[in-house]
Structure formats: structure tokens, C-alpha cells
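Biologist: I should be grateful for a close look at a single part of this model, with its surroundings explained step by step.

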Amino acid sequence: MAFTRATGKHRGPSRLSRKRAGAASVAAIATTGVIGTLASPALAAEAGGPAPVEDTGLTQAVAADSLAEQIGAQADAQQQEAALAAAQEKAEAEAKRRAELRVKAARDAAERAAREAERKRLTTYTLPVAGSYVSTAYRAGSGLWSSGSHTGVDFHAASGTKVVAVGMGTVVEAGWGGAYGNNVVIRMHDGTYTQYGHLSSVSVSAGQQVTPGQQIGLAGSTGNSTGPHLHFEARTGQDYGSDIDPIAYLRSHGVRV
């Protein structure tokens, strides 16, 4: 007998019906551009593969948000690095500035100290013969002197003893001085004059600058002299007769006599 197909709700659609349904779905997609939620599983089943996940746009939004967060975090990190670098550069510049100020302050202090030491050295006075003493006082009377009195003081000194400038000045006379024998006259930095007589030798020349304690000659007994010694005078002017008390002069400049 002939095989007959069952009818009713259990009867599956014919191949022709399925083809028509598929064609209708394709037509609907072409018309609306949207794949329905019911049609997608049917097409997937027809193709024999798993049903695709519906694309609602949330995945793209989440990805965009994540990328934006990464870019923002990267920008924040770069900004922080730039801020730290700027702060470090500023700190290093400040440290360098402070170091330079300290070096400059130290250099300035050293220069001031050197200038002060030089000023003191140049304004310091000393004895014309180290460790000596006065053997003949100022204004002592005697027929040995043409003025009738001693116009300076005599410092005890053996022949050949070093004689030095008592302070800073300029030599205005160096050589033979008549009754003074070999002598040196110095115009001091304060405008006064000092004279050194009866020298055995002279070691400076006129116009030469001298400093305190600088050797100008050696003690002797040349000129009007009765024996080796140094005749020392202090004057207000270069010429004879302008003498002042040499001991008071030296003491006024801090020399202990």
C-alpha cells in the first residue's frame, strides 16, 4: 500500500515552504535593514551554525569608554611626570643658585679679609731697627749738632744692622746727605717725612715705593757721627728744621718704643 504523511501539528513544513519563508526573511532584511530576533535563529539553524549574539551597540560603547579611560590615565601620568620633572628642575636650579651665593659670599669674605689685612699691613708702623732702644734722646743738647740740639733720636745699632722703613711711603732722597752721611728720606702715606742717617749703605732709590718693615739700608757711622748707630728723624716737611718728636710720632702710629 502507498505511504502517507501524517497531518496535524506535528507535520513539518515542506522544503518549498521553508524556501519561501527564507525568501521572505531576506526580503524583509532588504526592506528594513534589520534582522529580527526571531529570524536570526532560523537563519543560523538553516546554515547549520550557532545562533549569533545580538549586536545592541553596548559592546562598542564599553570599548570606547575603556579606551578613553586609558588615554586619560596616560595623560594624567604624563602630566604628573612633567610636574615632577619641573619641580626637580626648579629644586636643582635653586640649589645651584644657593651654592653659587655661598661660593660668592665666601669669596667676597676672603677678598674683604685680604684687603683688610693688606690695609693693616700698609698702615702699620714699626721700629726702624728691630729690638733696638734709644741711645740719644730728641732735643738733647750738644755742640756736635749745628742747631745746638738733637733734631732726631739715635737708635743703638751695630754697623751692618738692617734698617727698615717704619711705614709705607715713597723714597724722595737716597744717597749722601752731608752731615747725615748716607741717608734716606721717605715721604710717608700720611704726608709726613722720616729720615734715616749715618747708613753704611743704601738699598733703595728715589721714587721707589716702600712698605712697612722693608729694608732701606744698613746702619753705620758715615757723616757727622761718633760711632755706629741710626739717626732717625720725623718731620712735617722734607726740609731740615721741620722736625717733630720721633718717639711721639712712632707711638701715635702704634709703635711701642
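In what order do the elements of the protein chain run from the N terminus on? Please then turn to strand S6 (residues 193-202) and its partners.

Modeller: This is a predicted model, in which local features need pLDDT of at least 70 and side-chain atom pairs count only at pLDDT 80 or more, while totals for chains, interfaces and linings use all residues. Residues are numbered from 1 along each chain as its sequence is written, and side-chain values use heavy atoms, leaving out hydrogens and water.

From the N terminus on, the order is α-α-α-β-β-β-β-β-β-β-β-β-β-α, that is, four helices and ten strands. These are DSSP runs numbered from the N terminus: helices are H or I of at least four residues, strands E of at least two.

Strand S6 is largely enclosed by the rest of the structure, because seven of its ten residues are buried (under 20% relative accessible area with a 1.4 Å probe, counting protein chains only). Strands pair if DSSP finds at least two bridges between them. S6 pairs antiparallel with S5 (residues 182-188) over five bridges, and Val184 stands opposite Tyr196 there. Four residues separate the strands of this hairpin, where Gly191 takes a positive phi near 95°. S6 also pairs antiparallel with S9 (residues 230-235) over five bridges, with Tyr196 opposite Phe232.

Three bridges join S6 to S8, again antiparallel; Ser201 has Leu218 as its bridge partner. Ile216 lies in S8 (residues 215-219) and is buried, with a relative accessible area of 0%. Beyond its neighbours within four places in sequence, Ile216 is in contact (heavy atoms within 4.5 Å) with residues including Val184, Tyr196 and Val202. The C-alpha atoms of Ile216 and Val202 are separated by 6.1 Å.

Technical notes. Buried means under 20% relative accessible area, exposed over 50%, partly exposed in between (1.4 Å probe, protein chains only).
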